[in-house]
Amino acid sequence: MFDKDVFTNKGYYLGRLKDLDIDVSAFRIRALVVETSSESEMGRLLGARRVIIPYSVVQAVGDVVITKHIVASAPQEGEVSKEEVQKA
């Protein structure tokens with residue numbers, strides 16, 4: 001699962017999956033740790049090298065990971081605000 005590319009549902013590249021935050025007692029994934037690049041949308045939006053994306057934002061996992069679209073302004077349906085994503 002690691003090193004998968006992470007994209008929003010609108011096709012924006014966010015970065016590569018580097019780690020998971022797992023709740024061992026509940027056997028659930030809490031968040032993804034994504035390594036951004038300076039040319040990725042997430043890298044430009046947050047200016048962080050690594051970000052923590054809540055698993056509730058993830059829509060699909062396959063050859064790539066698809067998340068809800070992350071926006072800097074007020075989110076609309078199917079989007080999340082950049083405040084919901086933490087810098088790691």
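**Valine 65, threonine 8 and the nonpolar core**

Strand β6, which spans residues 65-67, is where you will find valine 65. Bear in mind as you look around that this is a predicted model. Below are some notes on valine 65, on threonine 8 in strand β1, and on the largest nonpolar core.

**Valine 65 in β6**
- Valine 65 has a relative accessible area of 0%, and it counts as buried because that value is under 20%.
- Leaving out residues up to four places away in sequence, valine 65 touches Lys4, Asp5, Val6 and Phe7, along with Leu32, Val58 and Ala60.
- Glycine 15 lies 50 residues from valine 65 in sequence, yet their C-alpha atoms are 9.9 Å apart in space.

**Threonine 8 in β1**
- Threonine 8 belongs to strand β1, which covers residues 5-8.
- Threonine 8 is buried too, with a relative accessible area of 3%.
- Beyond its neighbours within four places in sequence, threonine 8 is in contact with Leu14 and with Ile66, Thr67, Lys68, His69 and Ile70.

**The largest nonpolar core**
- This core has 16 residues, and those with the most contacts inside it are Leu32, Met42, Val51, Ile53 and Val85.
- Two or more core residues come from each of β2 (13-23), β3 (28-35), α1 (41-46) and β4 (50-54).
- Strand β2 gives the largest share, three residues.
- Val85 touches Met42, Leu46, Val51, Ile52, Ile53 and Ile70, again not counting residues up to four places away in sequence.
- In soluble globular proteins, nonpolar side chains tend to be buried together.

Definitions and conventions. Residues numbered from 1 in each chain as written. Predicted model: local features only at pLDDT ≥ 70, side-chain atom pairs only at ≥ 80, totals over all residues. Heavy atoms only, no water. Core = buried A, V, L, I, M, F, W, Y, C linked by side-chain atoms within 4.5 Å. Buried < 20%, exposed > 50% of the residue type's maximum accessible area, 1.4 Å probe, protein only. Helix = DSSP H or I, 4+ residues; strand = E, 2+ residues; numbered from the N terminus. Contact = heavy atoms within 4.5 Å.
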